[in-house]
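Student: Please choose one part of this structure and look at it closely. I am new to the molecule and would welcome one connected account, with each technical term explained as it appears.

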Amino acid sequence: MANPRRSSYSILVSNNQNPDSISNNNNNPFQIQPQSLFQTTTTTVSSSLQLFLKKPHAFPFLLFFFLLLTWVSLRLQHSAHFSSPPQFLTTHQWSAERDGGGDSDAKVNLVRFAAGYPSPVAKDGRGWSVDPIALALRSGISGGAVNCASVHLGEIRPGGVRGNHRHYTCNETFFIWGAKTLFRLEDKAVDRGYAEVTIGADEVAVAASPHGTAHALVNVDTARSTFFMGCQDSIIDYSNSTSDFNVWKDL
């Protein structure tokens, strides 16, 4: 004979059971969730790659991969290096950096260039290298030395002056660099008798002083030294009267 209490208890449990649990119990036990499938695939690929790299024939593949990365890196550096415009200074930029006189570079027979690469005087990252006489001729500067019969290399410390003289028997070409420097050249067509410009510390300049024309270099920098090279196309005998000294009293 069936126990009525047991039957009612079974029915009560069945009626109170959570539908979600029933649904979960009816799921396919072999069904794989998407997240589990992704993790399984990733693990399999990683294991296969590790196994492949341990084999000897993986070396050519690795070598090719590193060579490809090196080539791509060099191409990117090359493109970035040459995509920037050359650092030539416009007349407006030159005028903004000049402190003395407000004269144009043409009035002082001077041409300036950016000292950094790329520049007409700096062909690669090592820095600039020039032939002063050839550079002056290529830059359209006239009246300079036709050869270097006499060469002078010098330093001008802050506040110092070089030149301030006039040679009657030689033409001279200058190459100037290193610091903020004022270059003055005699010009009788100007009321004050000279023109002058200031060369920036980040620039190099070539200038020419024809025979019979006074010139001077003044370091107007607060810390750096000016350096210059002077080429004269004849040897000057300073014991005779072929030169005038202390031409400008304000220097």
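**The strands around E8**

Tutor: Asn246 is placed in the segment after E10, and its phi is near 55°, a positive value in a residue other than glycine. The model is predicted, with local features requiring pLDDT of at least 70 and side-chain atom pairs pLDDT 80 or more, while totals for chains, interfaces and linings use all residues. Numbering starts from 1 along each chain as its sequence is written, and side-chain values rest on heavy atoms, with hydrogens and water left out.

The protein has six helices and 10 strands; these are DSSP runs numbered from the N terminus, helices (H or I) having at least four residues and strands (E) at least two. From E10 the path leads to strand E3: E3 (residues 161-167) and E10 (residues 243-245) run antiparallel and are joined by three bridges. Two strands count as paired if DSSP finds at least two bridges between them. Within this pairing, His165 stands opposite Phe245 in E10.

E3 also pairs with E8 (residues 214-219), again antiparallel, through five bridges. Val161 stands opposite Val218 in E8, and Gly163 has Ala216 as its bridge partner there. Strand E5 (residues 181-186) is likewise antiparallel to E8 and joined to it by five bridges, with Leu182 bridged to Val218. Val218 is thus a partner both of Val161 and of Leu182.

How many residues of E8 are buried? The count is six of six, where buried means under 20% relative accessible area, exposed over 50%, and partly exposed in between, for a 1.4 Å probe and protein chains only. In a regular strand, side chains alternate between the two faces of the sheet. In E8, Ala214, Ala216 and Val218 lie on one side and His215, Leu217 and Asn219 on the other, and both sides are covered. For the protein of 251 residues, 32% count as buried.

E3 and E8 also take part in the largest pocket, which has a volume of about 200 Å³. Of its 14 lining residues, the closest to the centre are His152, Gly163, His165, Glu172 and Phe228. A pocket is an open set of points on a 1 Å grid over the protein atoms alone, with protein on both sides within 12 Å along at least five of seven lines; lining residues have an atom within 4 Å of a point. The volume is the space filled by probe spheres set on the points, which are joined across faces, edges and corners. E3 gives the largest share of the lining, four residues. Strands E2 (150-156), E3, E4 (172-177), E8 and E9 (226-232) each supply at least two. The lining divides into five nonpolar, seven polar and two charged residues; Ala, Val, Leu, Ile, Met, Phe, Trp, Tyr, Cys and Pro count as nonpolar, Asp, Glu, Lys and Arg as charged, and the others, Gly among them, as polar.

One side-chain link involves E5's residue range: Arg184 and Glu196 are joined by a polar contact of 2.9 Å. Such a contact is a pair of N or O atoms within 3.5 Å; within protein, one must be able to donate a hydrogen and the other to accept it, and residues adjacent in sequence count only if both atoms are side-chain atoms. Glu196 belongs to strand E6 (residues 194-199) and is buried, at 8% relative accessible area.

Definitions and conventions. 1 Å grid on protein atoms, 1.4 Å probe; cavity = no way out; pocket = protein on both sides within 12 Å on 5 of 7 lines; lining within 4 Å.
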